[in-house]
Amino acid sequence: MDHVSSLVHLRASVVEGTLVKRPALPPLPAAESANPPGPASAVQAAHGAPRTGAHRLVGRDEEIRLIVERLDGLCSAGPAGSALIIEGDAGIGKSSLLDLAVQHGAASGVRVLRCTGLQAASPLGYTGLHELLHPLMPLVDDLPPRQRAALLTAFALDEGATPDRLLVGLSALGLLEEAARNQPLLVAVEDLQWLDHSSVHVLNFIGLRVSAAPITLLATLRSDGDADALPPLPIERLRLGPLAEDAARALLDDVAADLRPASRGRILSESSGNPLALHELPTALRQHGIERTTLHAHLPITKRLERAFLDQLLPLPADSRSLLVLAAASDGAQLQDIMAAARRLGLGVEALSPLEERGLVSVGDSGLRFRHPLLRSAVHSAARTSEWVEAHLALAAVTAGQDRAVWHRAAAALEWDETVAGELEGVAARAHDRGAQPEAMSAYRRAATLTQDARERARRLALAAEAARSAGMTAEALELLEQVGPLSPASGAETITQVALIRTILSLTAAAPAPSSNDFEEILGLLPVPEENERRVIVLWGASVLTRGRNLPSADWDYLRRNLEATRTSSPLKPAALAILAPGGQAAAMRDRLPSLIPQLAEFPLGMLSLAIAAESLQDLQTSLTCWELSRERSYNQGAPADELQALRGKANVLLLRGQLREGLAAAEYSERMAADTQQQMIGSFAVATAARAHALLGDLDAATAAIRRSRELSRMAPLAMISADLRWAAGLIASQRGRHRDALIEFTHVAVHSTRALWTIADRTEAAVRAGRADQVRDNVDAADEAARAYQSAYLAALVARSRALLAGDDEAAGEEFEKSVAAGAVEESRLEVARSRLLYGQWLRRRRSQAAAREQLALALTEFDAIGARGYADRAAGELRAAGETPHRAPGHSWAHEKLTAQELQVARLAAKGMSNKEIADSIYLSHRTVSSHLYRVYPKLGITSRAQLAAALQDSGDDL
């Protein structure tokens, strides 16, 4: 479809199904992911210099105890996994602790998986994860099918649709859990700050979910410099500080016992308790003497260490220095590639000898390994630009792997270079196809810096911004959009459209500043009519969704409607946008057209999502529910969980309106979990606000209050009007059920920030106003809602309006007629909750008029319905009224609903298992690892009082679940 294809990279769902053969990831270094050689014993682990030497690990007794206890716990009964980041400055001993953990784990029967980040490595995406998991790949066929396909595609081992990061994370976790069935695992990650960002996201996902498996994840992280560029890592930290004075003295005795007192005192002072400094500064002192050694106390310890390493480079032969530069530029290339590049520079194997003699590098099958990353940084600092360029060009000529070679050519480019820029765009596209969006962003961004043509540069920056947005990197996306600069017709219609949509989506999903009407006017002015009508309607469609979501001023609505009506196009996005913005006078015509748009937008989840919003605004709840369900189904099929969770949240809302409270809560909580998994804080806030309403309607007021608090924390930056309205709605329901009717009235009044929700709360607001003695405050609002109900031809609104008029009528005879109308209209809309609430109030009114028999009939029907849908608070009220009317309520004693016995996730798993789905099918369906599904079922059986899967369906039905 033309209107979809012109969205240009804005959603992977637009191009899903196209199979692209991806180049394989670069070969893995030999033996890096197996149990690597470690120190002779744990107590001889190298402290501060883990890559060479073997000195005592002193001054870290408490840290060692903590790590050893975690590893020993993996092998004990009832193992519990954990994740820990060892954080500290360069040289502080992080790698030494990690080496100790590896050695202790291996000696204890724990299987070790290891990967290492490389400074300034070519950002290819998932290379660190590939290094970590490749020993486990024989187990990949045990994963659920979708998760298996996602992992193989991410690793470029198979063709497939672009995998979402959530699926890659689940597959990685599932692979680890599968391996941990046979042997506890230690996942050891060194230099996390230099790992590719796609791998870091997956490791963060794993680290938050290993508690139920015998898996310990340990990672080292430098707390300075590059660590700031990492995504948020809410994993427990172990912060390593400087060594205490006695420990520093003991370590210096180990590494340099022959120092004179003056030299010893100076090194202890200048090292600031840093173990690497205590190891390296004596070497520099011996080479140059105390007077000529570069110890700058005013510099940070990292810079002091770099200076010390530079001192050690000064006496090297020229060829050896050149070989060091080549090794520093190699990005972890294999030894054969490095030496082939060296030959191109006229360097022979003899250049290695001085480097090995001084212990600056070690030679192995995996390449040349620096004694410490700071030595590599020192080489980088000391190298001339011409040396750096020559090294990268030599590596580009010999490097195995197309994408790495391109990055080397890009590193050597000092001028505009369209050839390299085009190659980088290819690298970015391949990274995108593997789901490595952060690395795609880096490649697009670097391509833009090499592009001289302003139009092409803007296009590549826009692509980089979209990749950043897809990766959840909002700040980077906004920064890249700023670099695009002022747009003009010369920017190209494709770029203009993409920039507008990225800003729109970020403002709806990530609390980014919303484009103003002036911004949209400027954008539309750059897209000529009629040549670019298809792109104009895309921009107007996005602006319409934003306008309703943020409840922008009415002038913005009018401006968008005028432009939409003036845009001649056959795109179904035009009527979808007009439906979102439709005023009451056009409601009937727009409602009638909505169902016909469904087939036209069926394969476009975002378009279907906007149609669902339009149907809600036009009060067509059935069409809205259909659209939310179709959007969720298509998003799932296309592997787009970020879109799927929004559809789930929307579905939850309509289910609540229809009185399917437990189902609505389950969908909202599922959406909340997925929002956390995909790091979409704004949509997560929306899902939690919807869950708050569900808890309040179910009568769990404490849970509702907690959800309100959680939602506000998630959306504190810039909440959407819909989120604010839902939170006020939930707060009003809580206050009303606790008898605080004035507070409830205030909350329901503030729901007016969103016009559609203001209509849906009219009966709640009226009841609060009447009970608070403020009935006159809502009469005009009821009239407006009545007008809307007629314009939209909505039985649901008609039921709410009739109940409101009945409440305003008080003891007047007309109230009875209005209650009857409300019950009848609610039945037409099949809204069980609203029918029951009207019956409850009708029964109260009848009882006050001494019509006890009629009152008991209405109250008994209300009680039965409240009990059936789980509205405990309203059921208790109905039971109390029934007793007051002279009848004993008939309720199942001690009845406990399934949603009260089980967690939301347990209930979700139990329902799917009861329908006959296997664990792997369930895992693929709801984004869990299949081992997690098994664990949930293990806990579900005793909670429901059963012993087998075959008993699930009956147990759930007995416990009030409709399956």
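This report describes a predicted model of a protein, moving from its overall make-up to its cores, a helix, its salt bridges and its cavities.

## Overall make-up

The predicted model has 963 residues, and buried residues make up 61% of them. Its secondary structure consists of 48 helices and 7 strands. When contacts with a separation of 6 or more are considered, 71% of them are accounted for by residues that lie 24 or more positions apart.

One example of residues that are distant in sequence can be found at L463, which sits in helix α20, covering residues 454-470. L463 counts as buried because its relative accessible area is 4%, and the cut-off for burial is under 20%. Although L463 and T495 are 32 residues apart in sequence, their C-alpha atoms are 8.4 Å apart in space.

## Nonpolar cores

In soluble globular proteins, nonpolar side chains tend to be buried together. In this model the largest nonpolar core holds 234 residues, and the members that touch the most others are L129, L133, L176, L192, L611, F866 and L952. Helix α32, which spans residues 681-698, gives this core its largest share, namely 11 residues.

L611 shows what such a position looks like in detail, since, with its neighbours within four places in sequence left aside, L611 is in contact with A576, L594, L597, I598, L601 and C627. A second core, separate from the largest one, has 54 residues, and A327, L335, L352 and W388 are among them.

## Helix α13 and its surroundings

Helix α13 runs from residue 335 to residue 344 and is mostly covered, with 7 of its 10 residues buried. The buried residues of α13 are L335, D337, I338, M339, A340, A341 and A342, and L335 is also included in the second nonpolar core.

Which elements do the buried residues of α13 pack against? They pack against three helices and two strands, namely α12 (318-329), α14 (352-357) and α16 (385-398) together with β6 (361-364) and β7 (367-370). After α13 comes G346, a residue with a positive phi, near 80 degrees.

## Salt bridges

Side chains of opposite charge can pair when their charged atoms come close. The structure holds 57 salt bridges, and one of them joins the side chains of E280 and R371, with a distance of 2.4 Å from N to O. E280 lies in helix α10 (residues 275-288) whereas R371 lies in the loop between β7 and α15 (373-382), so this pair ties together parts that are 91 residues apart in sequence. Both partners, E280 and R371, are buried.

Other pairs have a different setting for each partner, as the student can see from the following two cases. E387 and R384 meet through their side chains in a salt bridge of 3.8 Å, N to O; E387 counts as buried because its relative accessibility is 16%, while R384, at 54%, counts as exposed. R779 forms a salt bridge with D776 in which the closest N and O atoms are 2.9 Å apart. R779 has a relative accessibility of 34% and therefore counts as partly exposed, whereas D776 has 64% and so counts as exposed. Salt bridges can also be linked in a network, as is the case for E418, E425, E456, R459 and R460.

## A buried loop residue

Is N274, a residue in the loop between α9 (261-271) and α10, buried or exposed? N274 is buried, because its relative accessible area is 2%, which falls under the 20% cut-off. Not counting residues up to four places away in sequence, N274 touches A90, G91, I92, I301 and L305.

## Cavities

A search of the whole structure finds 8 cavities of 30 Å³ or more, and the largest cavity contains about 370 Å³ of space. Its lining is made up of 23 residues, and those that lie nearest the centre are L508, V545, L609, I613 and Q646.

The lining of the largest cavity receives at least two residues from each of the helices α22 (493-509), α24 (533-550), α28 (605-617), α30 (641-657) and α32. Sorted by class, this lining has 13 nonpolar, 6 polar and 4 charged residues. Helix α32 therefore appears in two parts of this account, since it supplies residues to the lining of the largest cavity and also gives the largest nonpolar core its largest share.

Key: Residues numbered from 1 in each chain as written. Predicted model: local features only at pLDDT ≥ 70, side-chain atom pairs only at ≥ 80, totals over all residues. Heavy atoms only, no water. Buried < 20%, exposed > 50% of the residue type's maximum accessible area, 1.4 Å probe, protein only. Helix = DSSP H or I, 4+ residues; strand = E, 2+ residues; numbered from the N terminus. Contact = heavy atoms within 4.5 Å. Salt bridge = Lys/Arg side-chain N within 4 Å of Asp/Glu carboxyl O. Core = buried A, V, L, I, M, F, W, Y, C linked by side-chain atoms within 4.5 Å. 1 Å grid on protein atoms, 1.4 Å probe; cavity = no way out; pocket = protein on both sides within 12 Å on 5 of 7 lines; lining within 4 Å. Points joined across faces, edges and corners; volume = space filled by probe spheres on them. Nonpolar A, V, L, I, M, F, W, Y, C, P; charged D, E, K, R; others polar.
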